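The report below takes up helix packing, a buried position and a nonpolar surface patch.

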Amino acid sequence: MTLTWTRRRASVARFWRAYRTHRAGVAGLGGLALLALVAFAAPLLVGSEVQSVTHAPGEALESPSGAFPLGTDQFGRSLLGLLVWGARISLTVGLLAAVLSVAIGTLVGIVAGHYGGWFATVVMRITDWFLVMPTLVLAIVLATVLSRSVWTVILAIGVTTWPTTARLVRAQTIAVESRPYIERAKALGGGHRHVMARHVLPNVMPLVLAQTTLGISTAILTEATLAFLGLGDPSVVSWGGMLQDAREAGAVSSGHWWYLAPPGIAVALVALAFTLCGRAIESVLNPKLGVGR
């Protein structure tokens, strides 16, 4: 056990030494760490009362000032406080939806790649159907049919964005299963579950990790889109919900740019940060990709 943990620590150390050579990846990771810290400390920084409509401290649609650095919304609430509080929901939805999506895709990809034959053909045809269908349309249908809640948004995004991961993992599984040590494991009595869990899964995990990082940015953008369309949870504050409120308040036509800009920029920056981290991870795990630094 000690030897195993020593090897794992050495592997993590090698990964970090390679990762920190990618300046864009380090910048993205630093930005995400700062945002995660702000989101975690939101109750201490702004308090939950920032969401209150009845006890709003300002007037409706005030422009940025010393009291309200980013202005106020149509209820007089501080947009800075809402932006900080909304980070909690947007990051949570993005992370959980991406994990759900990658988990489904990994399971489908490994099973299809391992068993092959008619079973894999049927599974991959179903995957292709999900792949060609517009993801956003499917997510909108699910979010409309189910009750409006954060968990509904997570489910809608997770069950509609897994096909890409499934195809990538299946291809990697087929490559792994062609290696000699898989044949030796089967000859020694290793069953299907043993081969998939002990030999295939560890070898596809680097791909899964990179796909998860890239998937989070997609999930955050999708959550913002669903909330902007009015399909999010109206009882919580999120960046997409802030954009929906701005649209309903007529911020576009009335020129209240401070209502639209902060949540929109926040969504774009977080998506960019996760993308930079994902590209850096891909480059470290597979240097042949030639991803720039």
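In this predicted model, helices α2 and α4 count as roughly perpendicular to each other, because angles of 65 to 115 degrees fall in that class and the two helices pack at an angle of about 110°. Their axes are 8 Å apart, and the contact is made on the α2 side by L35, A36, V38, A39 and F40, and on the α4 side by V84, A87, R88 and L91. Helix α2 covers residues 23-40, whereas α4 covers residues 79-115.

Helix α4 also holds S101, which is buried because its relative accessible area is 5%, under the 20% cut-off for that class. When neighbours within four places in sequence are left aside, S101 is in contact with G158, T161 and W162.

On the surface, a nonpolar patch of about 550 Å² is made by Y115, W118, F119, V122 and I126. The element that gives the most to this patch is helix α5, residues 117-132, with four residues. V122, one of the patch residues, has its place in helix α5 and counts as partly exposed because its relative accessibility is 42%, a value that lies between the limits of 20% and 50%.

The two residues with stated accessibility are set out below.

| Residue | Relative accessibility | Class |
|---|---|---|
| S101 | 5% | buried |
| V122 | 42% | partly exposed |

Definitions and conventions. Residues are numbered from 1 along each chain as its sequence is written. This is a predicted model: local features need pLDDT of at least 70, side-chain atom pairs count only at pLDDT 80 or more; totals for chains, interfaces and linings use all residues. Side-chain values use heavy atoms; hydrogens and water are left out. Patches are made of residues with over 30% relative accessible area and no salt bridge: like charges are joined within 9 Å, nonpolar side chains (Val, Leu, Ile, Met, Phe, Trp, Tyr) within 5 Å. Accessible areas come from the Shrake-Rupley method with a 1.4 Å probe; for residues, only the protein chains shown count as cover. A salt bridge is a side-chain nitrogen of Lys or Arg within 4 Å of a carboxyl oxygen of Asp or Glu. Buried means under 20% relative accessible area, exposed over 50%, partly exposed in between (1.4 Å probe, protein chains only). Contact means heavy atoms within 4.5 Å. Axes are lines fitted to C-alpha atoms, for helices over the stretch in contact, and angles run from 0 to 180 degrees between N-to-C directions. Angles under 35 degrees count as roughly parallel, over 145 as roughly antiparallel, 65 to 115 as roughly perpendicular and the rest as oblique.
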